[in-house]
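Please look at the model shown here and follow the chain with the text beside you. The paragraphs begin with single residues and work outward to the whole.

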Amino acid sequence: MSVQSLYTAATGMGAMETKLDVIANNLANINTTGFKKDRANFEDLLYRTEVYPGVRDAQQNPTAVGTQVGLGVRVTSTQTDQRQGTLQQTGRELDVAIRGKGYLRTIDPLTQDTMYTRAGNLDINANGQLVIGSAQTGRLLDPPITIPEDASAMVISSNGEVMVRQPNNTELSSVGNIQMAQFINPDGLLKVGENMYLQTDASGQEQQGTPGDQGMGTLVQGNLEASNVEPVQELIDLITTQRAFELNSQAIQAGDQVMQNISNLRRF
């Protein structure tokens with residue numbers, strides 16, 4: 001029985017280690033634009049059933065309870081908290097934040113796959129096209145939007161229309177529309193780093209549309225969406241996870257001590 005306690009407590013330590021990894025990643029991305037924090041979920045393992053509930057006693061009456069001993073815990077999944085992050089005003093005309101549901105659509109230049117992001121720190125490449133502001137990969141918005149070289153100002157409306165002011169023209173000229181996508185199950189998106197997601201069978205097919213239509217979020221120019229990580233809550237979870245890890249390690253030490261006592265009894 002003490003041997004089983006070693007394995008059971010070891011599963012607890014493994015589960016707490018995974019939860020600690022999740023918390024560490026949340027804290028590491030506390031300033032990541034558009035980041036959504038994760039949560040580790042757990043489930044108990046199989047049980048060793050010594051007496052089944054409802055067996056008949058000596059008087060042939062069903063017993064109310066049985067005798068079952070659990071065999072540990074494991075991580076079932078990590079779920080993403082999709083709640084809106086705080087909008088931080090930047091005043092930069094190429095910054096856009098999504099207020100509500102949805103993702104910006106981009107094209108990966110290497111795989112040509114459609115990728116999705118909540119990070120709206122846009123920029124203009126050497127060809128005048130709007131791209132995600134990254135020093136790693138130049139991902140174009142999809143569909144592509146080209147800004148004229150002589151544009152002196154740019155306005156991005158809440159419905160995604162991109163307008164520019166050009167010389168000798170008193171009115172703004174439309175140069176394209178930013179399209180967005182949403183999913184029936186955003187938790188099913190595959191996280192691939194660099195603030196990017198990929199569609200999977202779990203997420204369902206993308207529902208493409210204009211910002212503000214059919215439940216899609218709207219765009220806010222001159223703002224960026226901050227991470228929705230709550231530092232105080234993460235620190236509380238960090239402390240409780242550390243204590244849970246220590247308790248499981250103490251359970252292993254106790255089981256080991258019991259085995260040593262049993263081994264010493266053979267000497268007498």
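N168 is exposed, because its relative accessible area of 87% is over the 50% that this word requires. In this predicted model, N168 sits in the loop that runs between β13 (161–165) and β14 (173–177). The backbone at N168 has a positive phi of about 60°, although the residue is not a glycine. A positive phi also occurs at E194, which is likewise a residue other than glycine, and there the value is near 55°. E194 belongs to the loop between β16 (190–193) and β17 (196–198). With a relative accessible area of 41%, E194 is partly exposed, because that class covers the range between 20% and 50%. Another loop holds a backbone feature of its own: the peptide bond that leads from D142 to P143 is cis, with omega near 5°. P143 lies in the loop that connects β11 (140–141) with β12 (153–156).

From the backbone we can turn to the charged side chains. Side chains of opposite charge can pair when their charged atoms come close. How many salt bridges does the count come to? The count comes to 14 salt bridges, where a side-chain nitrogen of Lys or Arg has to be within 4 Å of a carboxyl oxygen of Asp or Glu. One of them joins the side chains of R92 and D123, with 3.4 Å from N to O. This pair links distant parts of the chain, since R92 is in the loop between β5 (87–89) and β6 (96–99), while D123 is in strand β9 (residues 122–124), 31 residues apart. R92 is partly exposed at a relative accessible area of 32%, and D123 also counts as partly exposed, at 33% relative accessibility.

A second salt bridge to look for is the one in which the side chains of D108 and R139 meet, at 3.1 Å from N to O. Here too the pair links distant parts of the chain: D108 is in the loop between β7 (103–107) and β8 (114–117), R139 is in the loop between β10 (130–132) and β11, and the two are 31 residues apart. Are D108 and R139 buried or exposed? Both D108 and R139 are buried, which means that each has under 20% relative accessible area.

Salt bridges can also be followed within a helix. E246 forms a salt bridge with R243, and their closest N and O atoms are 3.6 Å apart. Because E246 and R243 are three residues apart in helix α2, they are separated by about one helical turn. E246 counts as partly exposed at 33% relative accessibility, and R243 counts as partly exposed at 43%. Elsewhere, K36, R118 and E225 are linked in a network of salt bridges.

Helix α2 (residues 231–265) also contains M259. M259 is partly exposed, with a relative accessible area of 31%. Together with V3 and Y7, M259 forms a nonpolar patch on the surface, and the three residues have about 290 Å² of accessible area together. M259 can be a member of such a patch because its 31% is over the 30% of relative accessible area that the patch rule asks for.

We can now step back to the protein as a whole. The protein has two helices and 20 strands. Its radius of gyration is 27 Å, well over the 18 Å that the globule rule gives for 268 residues, so the protein is more spread out than a compact globule. The C-alpha trace spans about 105 × 45 × 35 Å along the principal axes of the protein. Of its 268 residues, 34% count as buried. The accessible surface comes to about 15400 Å², and carbon and sulfur atoms account for 51% of that surface. Among the contacts in the protein with a separation of 6 or more, 62% are between residues 24 or more positions apart.

Finally, consider how the chain is divided. The domain assignment gives domain 1 (3–81 + 230–266) and domain 2 (86–226). The centres of domain 1 and domain 2, taken over C-alpha atoms, are separated by 42 Å. Where the two domains are in contact, eight residues come from domain 1 and ten residues come from domain 2.

Methods: Residues numbered from 1 in each chain as written. Predicted model: local features only at pLDDT ≥ 70, side-chain atom pairs only at ≥ 80, totals over all residues. Heavy atoms only, no water. Patch = residues over 30% accessible without salt bridge, like charges linked within 9 Å, V, L, I, M, F, W, Y side chains within 5 Å. Areas by Shrake-Rupley, 256 points an atom, 1.4 Å probe, with all protein chains shown as cover. Helix = DSSP H or I, 4+ residues; strand = E, 2+ residues; numbered from the N terminus. Buried < 20%, exposed > 50% of the residue type's maximum accessible area, 1.4 Å probe, protein only. Rg over C-alpha atoms; globule rule 2.2 N^0.38 Å. Contact = heavy atoms within 4.5 Å. Domains from an automatic or database assignment.
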